[in-house]
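Biologist: I should like to be guided through a structure that is new to me. May I put some questions to you about it?

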Amino acid sequence: MENTISKPPVYMIVNLTVHEATEYRMYEKGFFPLLKRHGGEFVTYDDDPRTFEGFAPRLGRVIIFQVPV
């Protein structure tokens with residue numbers, strides 16, 4: 001009997017500060033094809049996130065990616 005239980009994806013949450021927008025854009029151009037090649041997806045980003053629990057404020061950009069297990 002084959003295992004039919006699907007594995008949920010992993011969500012990666014990144015918090016960073018962009019100091020050099022031009023350099024960051026170059027990084028993005030290299031990163032997104034790599035993410036896609038491995039089945040990952042960009043979910044969303046926010047440059048002004050709201051904190052509902054924990055330490056606030058969270059400074060910088062928050063990015064969420066989804067990757068398969």
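The questions and answers below concern the sheet, the core, the salt bridges and the aromatic rings of this predicted model.

Biologist: In what order do the three strands of the open sheet stand?

Modeller: The model is predicted. Its three strands form an open sheet with antiparallel pairing. β1 (10–16) and β2 (41–46) each have a single partner strand, so they stand at the edges and one side of each lacks a neighbour in the sheet. The order is therefore β1-β3-β2.

Biologist: How many bridges join β1 to β3?

Modeller: These two strands run antiparallel. Within this pairing, L16 stands opposite R61 in β3. The number of bridges joining β1 to β3 is seven.

Biologist: At about what angle does α1 run to β3?

Modeller: The sheet itself has a twist that averages 20° from one strand to the next. α1 lies across β1, β2 and β3. Its angle to β3 is about 15°.

Biologist: Which element gives the most residues to the largest nonpolar core?

Modeller: In soluble globular proteins, nonpolar side chains tend to be buried together. Here the largest nonpolar core consists of Y24, F31, L35, I63 and F65. At least two of these residues come from each of α1 (21–37) and β3 (61–67). With three residues, the element that gives the most is α1.

Biologist: Which residues does Y24 touch, leaving aside those up to four places away in sequence?

Modeller: Y24 belongs to the largest nonpolar core, as does I63. Y24 also belongs to an aromatic cluster. With residues up to four places away in sequence left out, Y24 touches L16, V18, R61 and I63.

Biologist: With which residue does R25 form a salt bridge?

Modeller: The structure holds two salt bridges. R25 is partly exposed, at 39% relative accessibility. Its partner is three residues apart from it in helix α1, so about one helical turn separates the two. The side chains meet at 3.1 Å, N to O, and the partner is E28.

Biologist: Is R61 buried or exposed, and what is its relative accessible area?

Modeller: The side chain of R61 meets that of D47 in a salt bridge of 2.6 Å, N to O. This pair links distant parts of the chain, with R61 in strand β3 and D47 in the loop between β2 and β3, 14 residues apart. D47 is partly exposed, with a relative accessible area of 45%. R61, by contrast, is buried, because its relative accessible area falls under 20%, at 10%.

Biologist: What kind of aromatic pair do F32 and F42 form?

Modeller: The structure holds eight aromatic pairs. The ring centres of F32 and F42 are 5.7 Å apart, and their planes stand at 85°. Planes over 60 degrees apart count as edge-to-face. The pair of F32 and F42 is therefore edge-to-face.

Biologist: How many residues apart in sequence are the parts tied together by F32 and F65?

Modeller: The rings of F32 and F65 have centres 6.2 Å apart and planes at 55°, so this pair is tilted. F32 is partly exposed at 28% relative accessible area, whereas F65 is buried at 5%. F32 lies in helix α1 and F65 in strand β3, so the parts they tie together are separated in sequence by 33 residues.

Biologist: Which residues form the aromatic cluster?

Modeller: F32 in helix α1 and F42 in strand β2 are 10 residues apart, and both belong to the cluster. F65, a residue of the largest nonpolar core, belongs to the cluster as well. The full cluster is Y24, Y27, F31, F32, F42, Y45 and F65.

Key
Residues are numbered from 1 along each chain as its sequence is written. This is a predicted model: local features need pLDDT of at least 70, side-chain atom pairs count only at pLDDT 80 or more; totals for chains, interfaces and linings use all residues. Side-chain values use heavy atoms; hydrogens and water are left out. A nonpolar core is a set of buried Ala, Val, Leu, Ile, Met, Phe, Trp, Tyr and Cys residues joined through side-chain atoms within 4.5 Å. Buried means under 20% relative accessible area, exposed over 50%, partly exposed in between (1.4 Å probe, protein chains only). Helices (H or I, at least four residues) and strands (E, at least two) are DSSP runs, numbered from the N terminus. Contact means heavy atoms within 4.5 Å. Two strands pair if DSSP finds at least two bridges between them. Axes are lines fitted to C-alpha atoms, for helices over the stretch in contact, and angles run from 0 to 180 degrees between N-to-C directions. A salt bridge is a side-chain nitrogen of Lys or Arg within 4 Å of a carboxyl oxygen of Asp or Glu. Rings of Phe, Tyr and Trp (its six-membered ring) pair if their centres lie within 6.5 Å; planes under 30 degrees apart count as stacked, over 60 as edge-to-face and the rest as tilted.
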